[in-house]
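Please read the following account alongside the sequence and the model. It moves from the interior to the nucleic acid and then to the charged side chains.

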Amino acid sequence: MFHGDDGPSHNKVSSVLLSWYASNKRVLPWRDPQGLPTDPYRVWISEIMLQQTTVPTVRGYFERFISRWPSVQDLAKASLDDVLHEWQGLGYYSRAKNLHKCAVMIVEAFDGTFQTAEKDFLSLPGVGPYTAAAIQSIAFNSPSTVVDGNVERVIARLFSLKTPLPQAKAEIHKLAGHIRSEEEPSNYAQALMDLGSSVCTPKAPKCVICPLEKFCSAKKHNPESFPIRQKKKEKPTRRGIFYFIQDDKGRVLLEKRPLSGGLFSGLMALPSEGWDTTDDDPVTRLKIKNIKPLPEKVRHVFTHFSLIAEVRYAESTIAEGVWVFPEALSNYALPTLMKKIFKLTLPETVE
DNA sequence: CAGCCGTGGAA
DNA sequence: TTTCCAAGGCT
């Protein structure tokens with residue numbers, strides 16, 4: 001399994017890594033400054049927020065979220081709309097829906113206490129293999145193999161893995177499990193991820209200061225070329241039309257996006273057509289008339305496509321939907337795309 | 001498995 | 001401007 005005497009030996013790797021972490025530990029809002037165990041609730045919230053999201057982005061969201069709902073009981077009592085409002089701009093909005101659902105489940109089915117078994121976390125919506133392992137080790141200091149994007153990169157480089165991602169995931173998990181020790185599981189998991197994010201970076205890794213340099217197979221060659229990834233498919237461009245409809249009092253027509261799934265699930269948005277997977281025809285449905293296009297187009301990039309949004313001023317007299325005064329827009333959970341549009345149509349009102 | 005699901009920062 | 005990808009999970 002290991003590459004002879006030059007390959008990574010797990011006890012050496014973990015001890016070197018733990019001592020590196022002891023003097024390079026970053027202060028983060030969800031991390032106890034003294035290294036004491038952190039409230040599992042805080043670990044859980046932070047791990048959900050950190051899914052595919054960077055530390056600088058999460059920081060502010062985490063602080064606001066925790067001060068508003070300091071415990072899982074508080075979160076369970078909150079309304080989903082309030083949770084989504086606190087989540088607006090963070091993206092992947094199903095995370096907020098699942099978070100709220102989990103809080104209710106934990107209070108009702110788990111009697112308000114976090115379970116200490118990884119399989120219990122895995123049964124929760126929005127908690128997958130990474131997050132379950134992270135909570136297990138970080139919050140309960142119990143050994144578990146934590147593999148995120150950082151760990152994938154570190155492992156791929158340590159062993160110069162030729163198998164491309166995502167095919168290599170199983171192999172990486174196996175190697176990560178062999179490398180890790182069962183000492184200080186909480187510190188070890190965070191140390192490996194910190195190393196990946198600050199030293200063993202995707203571009204221009206700082207091998208000179210890396211504590212694992214002497215164990216690393218890729219260091220001699222081209223560390224930046226690992227992990228090898230499958231070619232990504234080209235991102236298509238879609239065009240959509242968004243109707244900015246005001247009544248005679250200046251109120252804007254918003255509609256709630258279906259909670260069942262899709263883009264911006266559960267958030268408020270302008271009526272639109274032509275860009276998402278629905279076949280909605282708002283012009284007919286809302287009896288839209290007097291359509292006047294806005295010359296500027298709004299560009300927005302999603303994970304799997306780019307959007308060119310055309311905005312059209314229009315009128316409607318229907319009673320359905322939610323008519324909102326511009327000053328009251330901040331009371332609603334709005335995706336970033338809507339904020340971009342309102343910056344053009346309501347420049348005085350939007351931050 | 002591959003497509004879906006947001007956004008922003010870095011280079 | 002473009003490209004990458006970040007403490008992933010669900011279907």
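**From the cavities to the charged pairs**

The largest share of the lining of the largest cavity, three residues, is supplied by helix H9 (residues 149-158), where helices (H or I, at least four residues) and strands (E, at least two) are DSSP runs numbered from the N terminus. This is a predicted model, in which local features need pLDDT of at least 70 and side-chain atom pairs count only at pLDDT 80 or more, while totals for chains, interfaces and linings use all residues. Residues are numbered from 1 along each chain as its sequence is written, chains are lettered from A and ligands numbered from 1 in the order in which they are written, and side-chain values use heavy atoms, with hydrogens and water left out.

The structure holds two cavities of 30 Å³ or more. On a 1 Å grid over the protein atoms alone, a cavity is a set of points where a 1.4 Å probe fits but cannot get out, and its lining residues have an atom within 4 Å of a point; grid points are joined across faces, edges and corners, and a volume is the space filled by probe spheres set on the points. The largest cavity has a volume of about 140 Å³. Of the 15 residues that line it, Arg157, Cys200, Cys207, Cys210 and Cys216 are the closest to its centre. By residue class, this lining divides into eleven nonpolar, no polar and four charged residues, with Ala, Val, Leu, Ile, Met, Phe, Trp, Tyr, Cys and Pro counted as nonpolar, Asp, Glu, Lys and Arg as charged, and the others, Gly among them, as polar.

The second largest cavity has a volume of about 60 Å³, and here helix H11 (residues 185-198) gives the most to the lining, with four residues. Among the residues that line the second largest cavity are Ser144, Val151, Arg180, Pro185 and Leu192, and the lining as a whole divides into seven nonpolar, two polar and one charged.

Which helices each supply at least two residues of the surface near DNA strand C? They are helix H8 (129-140), H9 and H11, so that two helices already met at the cavities, H9 and H11, return here, a residue being near a strand if one of its heavy atoms lies within 4 Å of it. Of the 25 residues around DNA strand C, Gly126, Thr131, Asp148, Asn150 and Lys232 come nearest. On the side of the nucleic acid, sugar and phosphate account for 69% of the atoms of DNA strand C that come within 4 Å of the protein. The residues of this surface divide into nine nonpolar, eight polar and eight charged.

Individual atom pairs give a finer view of the same surface. A backbone N or O atom of Gly128 lies 2.9 Å from a phosphate oxygen of DNA strand C, and a backbone N or O atom of Gly149 lies 3.3 Å from a phosphate oxygen of that strand. An N or O atom in the side chain of Asp148, by contrast, is 2.5 Å from a sugar or linking oxygen of DNA strand C.The charged side chains form the last topic. Side chains of opposite charge can pair when their charged atoms come close. The count comes to 15 salt bridges, each being a side-chain nitrogen of Lys or Arg within 4 Å of a carboxyl oxygen of Asp or Glu. In one of them, Arg26 pairs with Asp194, the closest N and O atoms being 3.6 Å apart. This pair links distant parts of the chain, with Arg26 in the loop between helix H1 (10-24) and helix H2 (40-49) and Asp194 in helix H11, 168 residues apart. Arg26 counts as partly exposed at 33% relative accessibility, whereas Asp194 is buried, with a relative accessible area of 4%; buried means under 20% relative accessible area, exposed over 50%, and partly exposed in between (1.4 Å probe, protein chains only).

A salt bridge also joins the side chains of Asp81 and Lys256, at 2.7 Å from N to O. Here again distant parts of the chain are linked, Asp81 lying in helix H5 (residues 80-87) and Lys256 in strand E2 (residues 252-256), 175 residues apart. Asp81 is partly exposed at 45% relative accessibility, and Lys256 is partly exposed at 42%.

The side chains of Arg285 and Asp280 meet in a salt bridge at 2.9 Å, N to O, and both residues belong to a network of salt bridges that links Glu255, Asp280, Arg285 and Glu320. Relative accessibility is 32% for Arg285, which counts as partly exposed, and 26% for Asp280, which also counts as partly exposed.

Key: On a 1 Å grid over the protein atoms alone, a cavity is a set of points where a 1.4 Å probe fits but cannot get out, and a pocket is an open set with protein on both sides within 12 Å along at least five of seven lines; lining residues have an atom within 4 Å of a point. A polar contact is a pair of N or O atoms within 3.5 Å; within protein, one must be able to donate a hydrogen and the other to accept it, and residues adjacent in sequence count only if both atoms are side-chain atoms.
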